[in-house]
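Open the model in your viewer and keep the selection tool at hand. We will go stop by stop.

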Amino acid sequence: MKPPRQRPPPGPDPGDATDLPGLESLLASQRLRPPPAEWRESILRRAAASASASEPATETSRDRVNGQRRHPESFHGAAPAIPWLQRLVAHLSSGWSLTAAAWILAFALNQYSIPRGAFTAAPRQPPFSEAALAEIRESQRALGDFANLGAVIPSDFHPPQTHRAPPDAASPVPPALPSEPRPRARLPRGFRDGHVARSDTNSPHEPEPIV
Amino acid sequence: MPPGELDRLYDDHASALFAFLLNFTRDESDTRDILQEVFTRLASRPHILQGVVDVRGFLLRLTHNLAVDAIRRRASRRRTQDAMAQEAVSIFEPEPNPDQAIVQRQIEAALAELPPEQRAVLQLKLWEGLTFDAIADVLGIPLNTAASRYRYAMDKLRPRLRPLYDEIR
């Protein structure tokens, strides 16, 4: 069983403002120390030096064009686009605008960077006239007479047949060599049995294979 | 910034900023560094004072923020902030009267035992004469927090300074 809470003894509250009423005035009456006098010039000089160092270098006449401050060289050509880019970036803050920009970018890349069907399809040709067809047939006939093949028309063409060797030639066993060995060709100096001696050492014991 | 403006700002506010910093950091080296940083920012970015009505309050707020950063950096070098507060640094002007000098030392020792945030509130209330509303604005804390920090600080100072108080009464 918890004992009953005891009341604090009557008396001044330690945090009461009436206790030590003059303490605040006693504290406030103490004169605070000023900063050392030598700090003033040092701090102000260093602050001014830091400010001048953070500014751009001394401006010359080349930095201005018609009285207007010239942009850095790398942005000079893109200066007219800067306001447009700023507006674009400002509008890109919303998600819908970002999505629209992504679609536009994808469309532009698809349109200008990747060849599409318009480039790959054969161009449509106008139909041949009767006179042109007669001329073509006449030239085909003349060509056939010249080659003794008759008229060459597309229906006469057949796909090329695959050449097949005779059945006996398909055997993996090669034909027998003649019994008499063939005379070996005389190899030039430095070549031994399909190998060439190393030119740097000229050692016959360490041949390198011919690649 | 117009020429001479930085000098005028220093003459008008450097003493208050110095006293606040010295009481808050208890380190003269840090105080100088932070004061230098304040005026370097003012010189390099003079536009930050455009539209500021209470320049003293603005500078105190800037100073406090820089001091908090400095204390955090220093806390990594030293053990605790209490150890920093134990440093013997004089925030009051040297007193030629020996009795008054003793009073100063005892007050300084009692102030050094307070947490830095309570010292900051005490400094702004007693020596800058700011209201709790203004103190809350400078330190970036709620109004009730500023008032309670002041009350806690005085609650600690009263028993600590009671012998001195009774002696000089």
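How many residues of chain B are in contact with chain A? Colour the two chains separately and look where they meet. This is a predicted model. In it, 30 residues of chain B are in contact with 24 residues of chain A.

**Stop 1: the chain B side of the interface**

Select α1 (5-25), α2 (28-44), α5 (98-112), α6 (116-127) and α8 (143-168) of chain B. Each of these gives two or more residues to the side that touches chain A. Now keep α2(B) alone. It provides 8 residues, the largest share of that side. Colour this side of chain B by residue class. You should find 17 nonpolar, 6 polar and 7 charged residues.

**Stop 2: helix against helix**

Add α2(A), residues 37-54, to α2(B). Their axes come within 8 Å and cross at roughly 45°. A crossing angle from 35 to 65 degrees is neither roughly parallel nor roughly perpendicular, so α2(A) and α2(B) are oblique to each other. The crossing of α2(A) past α2(B) is right-handed.

Which residues of α2(A) and α2(B) meet? Show side chains on both helices. From α2(A), pick W39(A), I43(A), L44(A), R46(A), A47(A), A48(A), S50(A), A51(A) and S54(A). Facing them in α2(B) are R32(B), L35(B), Q36(B), F39(B), T40(B), L42(B), A43(B) and S44(B). By class, this contact has 10 nonpolar, 5 polar and 2 charged residues.

**Stop 3: F39(B)**

Centre on F39(B). Set aside its neighbours within four places in sequence. What remains in contact with F39(B) comes from both chains: I43(A), L44(A) and A47(A), plus L6(B) and Y10(B). F39(B) is also among the residues with the most contacts inside the largest nonpolar core.

**Stop 4: the nonpolar core**

Widen the view to that core. It has 48 residues. Alongside F39(B), select L17(B), L21(B), L35(B), V38(B) and I135(B), which are also among those with the most contacts inside it. Then switch to helices. At least two core residues each come from α2 of chain A and from α1, α2, α3 (55-77), α5, α6, α7 (132-139) and α8 of chain B. Which helix supplies the largest share of this core? Select α1(B): it gives 12 residues.

**Stop 5: α6 and α7 of chain B**

Hide chain A. Select α6(B) and α7(B). Their axes come within 10 Å and cross at roughly 135°. That angle makes α6(B) oblique to α7(B). Here too the crossing is right-handed.

Show the side chains where they touch. A120(B), V121(B), L124(B) and K125(B) in α6(B) meet I135(B), V138(B) and L139(B) in α7(B). This contact divides into 6 nonpolar, no polar and 1 charged residue. I135(B) should look familiar from the core.

**Stop 6: two arginines**

Keep V121(B) on screen and add R151(B). The two are 30 residues apart in sequence and 9.7 Å apart in space, C-alpha to C-alpha. R151(B) sits in helix α8 of chain B. Is R151(B) buried or partly exposed? It has 14 C-beta neighbours inside 10 Å, so it counts as partly exposed.

Finish at R26(B), in the loop between α1 and α2 of chain B. Check its backbone: phi is positive, about 60°, although R26(B) is not a glycine. R26(B) has 24 other C-beta atoms within 10 Å and is therefore buried.

Definitions and conventions:
Residues numbered from 1 in each chain as written. Chains lettered and ligands numbered in written order. Predicted model: local features only at pLDDT ≥ 70, side-chain atom pairs only at ≥ 80, totals over all residues. Contact = placed C-beta atoms within 7 Å. Helix = DSSP H or I, 4+ residues; strand = E, 2+ residues; numbered from the N terminus. Nonpolar A, V, L, I, M, F, W, Y, C, P; charged D, E, K, R; others polar. Axes fitted to C-alpha atoms, helices over the stretch in contact; angles between N-to-C directions. Parallel < 35°, antiparallel > 145°, perpendicular 65-115°, else oblique. Left-handed = near helix turned anticlockwise from the far one by under 90°. Core = buried A, V, L, I, M, F, W, Y, C linked by C-beta atoms within 7 Å. Buried ≥ 20, exposed ≤ 12 C-beta atoms within 10 Å, placed from the backbone.
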